[in-house]
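Grab your viewer and work through these exercises. Each one has a task, then a solution in steps.

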Amino acid sequence: MIPEEIAATVLDPHAPDEAVSEACERAYAALAARVPFAAPKQLDCGLALSPMDAAHCLRDARRTAAFARALLHAIQSLQTPVEVVYAGTGPLAPFAWLVMPFVRDVRFTLIDIHESAVAAVRALLPHANAVCADAARYRHDRPIDIAITETMQRALAREPFVEIVRNLKPQLSARGVLIPERVSVELAAGESATTIFSIDAQSETNGATIAIARGVTPALQTRIVAGSGEVLEPYDSGLTHPEILWNLAPGTYGFRYETGPHPSIRSTPQ
């Protein structure tokens, strides 16, 4: 198991970025030998990363810290017992073991689509409930108090984050919390930025008509409100690095997020 001091550093909102990054690197080095080899899986709702690629996400320190801190705060804000469902854990389930030393009376259900990743999680966290399943179709056996998933890439492309959230949020208890609290994708074009898609536990917005002027290079940028004041702005993480739309000519376009095997923001000339 990872030394508690590493988890404490990552979870400390006052820790310097350099210290958090070093802690994540130390954790990854300690766990890398547990990572199994398996190919990515193409699902009807998006791409499930390979266990190796999923494990590498631990090294995105700002992202790891934001999600783990939001989870710890959410657990501590609820009266125990607390039912946590963590979807798309990869083989290392970092948000689970980061918070476990600091919480009590919490039932963790850890879900991944790769059997080898689930086996690795069971060996790492034998007291948690590890399940091999498609999180976009999974039905929990009781109301969920906290649903957490980080199954996304920039601009919410490729991975099935949206379908997983759509599946889990109706299963939240009356006091239920979704982590991240809100994710939005907007189009930045010159001085303006327009939200195309956003999703949270209560609502979802989708679609915008936007004019692209000559001389402007538009970009899709993602903003993630993880919770407890933890926000990932553009450039903070690999998840929020803007996607430049180099080939979009000047004109007016309708933009919309579309799900399916290859989820992404798509544009249509108007």
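Between which two elements is the loop that holds Asp-105 found? Asp-105 is in the loop between H5 and S4. Labels of this kind come from DSSP runs: helices are H or I with at least four residues, strands are E with at least two, and both are numbered from the N terminus.

Before going on, some housekeeping: this is a predicted model, where local features need pLDDT of at least 70 and side-chain atom pairs count only at pLDDT 80 or more, while totals for chains, interfaces and linings use all residues. Residues are numbered from 1 along each chain as its sequence is written, and side-chain values use heavy atoms, with hydrogens and water left out.

**Exercise 1. Check the backbone oddities.**

Task: find the positive phi values in Ala-93 and Asp-105, and then look at the cis peptide bonds before Pro-81 and Pro-180.

Step 1. Phi of Asp-105 is near 60°, positive in a residue other than glycine. Asp-105 is partly exposed, at 46% relative accessible area. (Buried is under 20%, exposed is over 50%, partly exposed is in between, with a 1.4 Å probe and protein chains only.)

Step 2. Ala-93 isn't a glycine either, yet its phi is positive at about 40°. Ala-93 sits in the loop between S3 and helix H5 (94-99), and with 0% relative accessibility Ala-93 counts as buried.

Step 3. Now the prolines. Thr-80 to Pro-81 is a cis peptide bond with omega near 0°, and Pro-81 belongs to the loop between H4 and S3. Ile-179 and Pro-180 are also joined by a cis bond, with omega about 5°; Pro-180 is in the loop between S7 and S8.

**Exercise 2. Trace the salt bridges.**

Task: work out which parts of the chain are linked by the Arg-59 to Glu-25 pair, and which residues share a network with Glu-83.

Step 1. Set the rule: a side-chain nitrogen of Lys or Arg within 4 Å of a carboxyl oxygen of Asp or Glu. That rule gives 15 salt bridges.

Step 2. Arg-59 and Glu-25 form one, at 3.2 Å from N to O. The pair spans 34 residues, with Arg-59 in the loop between helix H3 (51-56) and helix H4 (61-77), and Glu-25 in helix H2 (residues 17-31). Arg-59 is partly exposed at 35%, and Glu-25 is partly exposed at 31%.

Step 3. Glu-83 and Arg-107 form another, at 2.4 Å from N to O. Glu-83 is in strand S3 (residues 82-87) and Arg-107 in strand S4 (residues 106-112), so this bridge ties together parts 24 residues apart in sequence. Glu-83 is buried at 6% relative accessibility, whereas Arg-107 is partly exposed at 28%.

Step 4. Arg-142 and Asp-141 make a salt bridge too, at 3.2 Å from N to O. Shared partners join Glu-83, Arg-107, Asp-141 and Arg-142 into one network. Of the last two, Asp-141 is exposed at 55% and Arg-142 is partly exposed at 38%.

**Exercise 3. Find the partners of Asp-60.**

Task: which residues does Asp-60 contact, leaving aside its neighbours within four places in sequence?

Step 1. Place Asp-60 in the loop between H3 and H4. Asp-60 is buried, at 15% relative accessibility.

Step 2. List the contacts (heavy atoms within 4.5 Å): Ser-237, Gly-238 and Leu-239.

Step 3. Zoom in on Ser-237: its side chain makes a polar contact with that of Asp-60 at 2.8 Å. (Such a contact is a pair of N or O atoms within 3.5 Å; within protein, one must be able to donate a hydrogen and the other to accept it, and residues adjacent in sequence count only if both atoms are side-chain atoms.)

**Exercise 4. Look around H7.**

Task: is helix H7 (residues 161-168) largely enclosed or open, and why?

Step 1. Check burial: Phe-161, Val-162, Glu-163, Ile-164, Val-165, Asn-167 and Leu-168 are buried.

Step 2. Seven of the eight residues are buried, so H7 is largely enclosed by the rest of the structure.

Step 3. Name the surroundings. The buried residues of H7 pack against several strands, including strand S6 (144-149), strand S7 (172-179) and strand S15 (251-258).
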